[in-house]
Amino acid sequence: MITFVCYPKCTTCQKARKWLDENQIAYEFRDIKTDNPTFDEISAWHQISGLPLRKFFNTSGLLYKSMDLKNKLPAMSEEEMLKLLSTDGMLVKRPLVLGDGFVLVGFKETEWESCLKTE
């Protein structure tokens, strides 16, 4: 079973959850606001995903903007970025889908379809 990590009030997360339900894909729900990802979890997800770490940041979020991370991230080390992401789930791009050997970041329907409908 996959784990669906999201913020319930986020419209993209709501759309993604609806897609999972409509496609009858079983998942374990995790609220990123109340169950913040740890440093080790984000580090592992980053490794599995193969994506640049900056893809894990919620660049459209209010916290990201108020912290001026657009200008600060380029100067930060990978460890500093991981520590920062683990301080507040609202900094993390969502939704996330965690499966056996894969991590999907953000809701891209075609990507989800090719990855989740083959399981």
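Start by selecting Arg30 and Asp35 in this predicted model: their side chains meet in a salt bridge, with 3.2 Å from N to O. Colour the pair by accessibility and the two ends look unlike each other. Arg30 is buried, at a relative accessible area of 11%, whereas Asp35 is partly exposed, at 39%.

Keep that pair on screen and move on to helix 5, residues 78–85. Pick Glu79 and Lys83, whose side chains form another salt bridge at 3.5 Å, N to O. Both sit in helix 5, four residues apart, or about one turn of the helix. Are these two buried, exposed or something in between? Glu79 has 45% relative accessibility and therefore counts as partly exposed, and Lys83 is also partly exposed, with a relative accessible area of 46%. Now add Glu41 to your earlier selection: salt bridges with shared partners tie Arg30, Asp35 and Glu41 into one network.

Next stop, helix 1, which covers residues 11–22. Show the side chains of Glu22 and Lys18 and you'll find a salt bridge of 3.7 Å, N to O. Glu22 and Lys18 are four residues apart in helix 1, so about one helical turn separates them. Both of these residues are exposed. How many salt bridges are there in total? The count comes to five.

**Strand 1 and its neighbours**

Hide the side chains for a moment and select strand 1, residues 2–6. Which of its residues are buried? Five of the five, so the strand is mostly covered, taking under 20% relative accessible area as buried. Bring the side chains back and check each face. Ile2, Phe4 and Cys6 lie on one side, Thr3 and Val5 on the other, and all of them are buried. In a regular strand the side chains alternate between the two faces of the sheet.

Now add strand 2, residues 27–31, which pairs with strand 1 in the parallel sense over five bridges. For a handle on the register, click Phe4: its bridge partner in strand 2 is Phe29. Trace the backbone and you'll see the chain cross from strand 1 through helix 1 to strand 2, a right-handed β-α-β crossover.

Strand 3, residues 96–99, also pairs with strand 1, this time in the antiparallel sense over three bridges. Here the residue to click is Thr3, whose bridge partner in strand 3 is Leu98.

Stay on Thr3, which belongs to strand 1. Its relative accessibility is 18%, so Thr3 counts as buried. What does Thr3 touch, leaving aside residues up to four places away in sequence? The answer is Glu28, Arg30, Leu96, Val97 and Leu98. Arg30 is the residue you started with, from the salt bridge to Asp35.

**Into the core**

From Thr3, hop to its contact Leu96. Leaving out residues up to four places away in sequence, Leu96 touches Thr3, Phe4, Val5, Trp45, Phe56, Val103, Leu104 and Val105. Leu96 is also one of the residues with the most contacts inside the largest nonpolar core, alongside Leu20, Trp112 and Leu116. Show those four as spheres, then grow the selection; the core has 38 residues. Which elements supply at least two residues each? They are strand 1, helix 1, helix 2 (39–49), helix 5, strand 3, strand 4 (102–105) and helix 6 (109–116).

**A surface detour**

Jump to Arg54, in the loop between helix 2 and helix 3 (62–66). Arg54 has 52% relative accessibility, so it counts as exposed. Draw a distance from its C-alpha to that of Leu82: the two atoms are 9.8 Å apart, although these positions lie 28 residues apart along the chain.

**Zooming out**

Finally, reset the view and switch to cartoon. The chain has six helices and four strands, and along the sequence they follow the pattern β-α-β-α-α-α-α-β-β-α. Its C-alpha trace spans about 40 × 25 × 25 Å along the principal axes. A compact globule of 119 residues would have a radius of gyration near 14 Å, and the chain agrees with that at 14 Å. Colour by burial once more and 42% of the 119 residues come up as buried. If you plot a contact map, take the contacts between residues at least 6 apart in sequence: 64% of them join residues at least 24 apart.

How values were computed. Residues are numbered from 1 along each chain as its sequence is written. This is a predicted model: local features need pLDDT of at least 70, side-chain atom pairs count only at pLDDT 80 or more; totals for chains, interfaces and linings use all residues. Side-chain values use heavy atoms; hydrogens and water are left out. A nonpolar core is a set of buried Ala, Val, Leu, Ile, Met, Phe, Trp, Tyr and Cys residues joined through side-chain atoms within 4.5 Å. Buried means under 20% relative accessible area, exposed over 50%, partly exposed in between (1.4 Å probe, protein chains only). Contact means heavy atoms within 4.5 Å. Two strands pair if DSSP finds at least two bridges between them. A crossover is right-handed if, with the strands pointing away from the viewer, the path from the first strand over the helix to the second runs clockwise. A salt bridge is a side-chain nitrogen of Lys or Arg within 4 Å of a carboxyl oxygen of Asp or Glu. The radius of gyration is taken over C-alpha atoms; the globule rule is 2.2 Å times the number of residues to the power 0.38.
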